[in-house]
Amino acid sequence: MGAQQQGRRRGAEDVARRNLIGEIAFQLDRRVLTYVFTSGPRLYGFRVLNIPEKATQIATCRGEHDQMINRHNNIMQQLRNFGYCPNTHPKFAEHVVNTFGVLKEKPQCPATLANYNNPDFLKKTIHENAPINLVLDLMVLLNCLTNMSANDGMPLFIW
């Protein structure tokens with residue numbers, strides 16, 4: 001393999017690792033939204049930042065609204081136990097997704113899928129590829145995602 005091909009391959013691998021970091025943030029946000037909004041709407045346009053407003057918009061009755069808000073408060077309390085700050089981490093997660101991107105598709109390789117569901121592999125990816133000033137908050141997001149995965153029995157990344 002020539003030097004130019006190796007360079008392209010490394011470049012593609014770098015993009016994939018950056019996308020993987022963004023995917024961690026995306027998957028956590030999606031997991032939170034799915035927890036709060038258990039049925040009904042597609043989650044396009046929903047953000048962790050606007051859960052209370054969206055609950056008000058889509059609730060068909062006061063009881064349904066209260067259930068969504070209770071689930072929101074419950075999950076935020078659970079995530080706080082892992083260092084998540086509801087005032088900063090939702091914005092941080094959006095920034096990470098916008099900066100790093102997300103994976104374009106579900107990997108077809110079983111070994112890659114296994115790595116993507118391995119918290120140790122993801123920690124290593126963060127430490128080796130993220131700017132040092134983002135590592136601590138990225139680890140908070142990963143720890144929250146890992147906890148949610150353990151609680152619901154689903155893989156870290158839900159495709």
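**Figure 1. F121 sits in helix α6**. This is a predicted model, in which local features need pLDDT of at least 70 and side-chain atom pairs count only at pLDDT 80 or more, while totals for chains, interfaces and linings use all residues. Residues are numbered from 1 along each chain as its sequence is written, and side-chain values use heavy atoms, with hydrogens and water left out. Helices here are DSSP runs of H or I with at least four residues, and strands are runs of E with at least two, numbered from the N terminus. Is F121 buried, partly exposed or exposed? Its relative accessible area is 27%, so F121 is partly exposed (buried is under 20%, exposed over 50% and partly exposed in between, with a 1.4 Å probe and protein chains only). Leaving aside residues up to four places away in sequence, F121 touches L20, N115 and Y116; a contact means heavy atoms within 4.5 Å.

**Figure 2. E128 also has its place in helix α6**. The helix covers residues 119-129. E128 counts as exposed, at 55% relative accessibility. How far from R17 is E128 in space, C-alpha to C-alpha? The answer is 9.3 Å, although 111 residues separate E128 and R17 in sequence.

**Figure 3. Helices α4 and α7 pack against each other**. Two packed helices are described by the angle between their axes and the distance between the axes. For α4 (residues 89-100) and α7 (residues 132-152), the angle is about 105° and the axes lie 11 Å apart. That angle is why α4 is roughly perpendicular to α7. The contact involves H89, F92, A93, V96 and F100 on the α4 side, and L134, D137, L138, V140 and L141 on the α7 side. The axes are lines fitted to C-alpha atoms, for helices over the stretch in contact, and angles run from 0 to 180 degrees between N-to-C directions. Roughly perpendicular covers 65 to 115 degrees, with under 35 roughly parallel, over 145 roughly antiparallel and the rest oblique.

**Figure 4. T88 lies in the loop between α3 and α4**. Helix α3 takes in residues 62-80. With a relative accessible area of 42%, T88 is partly exposed. Look for L49 too: the C-alpha atoms of T88 and L49 are 9.6 Å apart, with these positions 39 residues apart along the chain.

**Figure 5. A150 belongs to helix α7**. A150 is exposed, and its relative accessible area is 62%. Where does E53 lie relative to A150? The two are 97 residues apart in sequence and 29 Å apart in space, C-alpha to C-alpha.

**Figure 6. The close-ups in context: a chain of 7 helices and 0 strands**. The C-alpha trace spans about 65 × 30 × 25 Å along its principal axes. Of the 159 residues, 36% count as buried. Among contacts between residues at least 6 apart in sequence, 68% join residues at least 24 apart. For those who think in electrostatics, the chain carries 18 positive and 13 negative side chains, and the centres of the two sets lie 3 Å apart. Lys and Arg count as positive and Asp and Glu as negative, leaving out His and the chain ends; each charge is placed at NZ of Lys, CZ of Arg, CG of Asp or CD of Glu.
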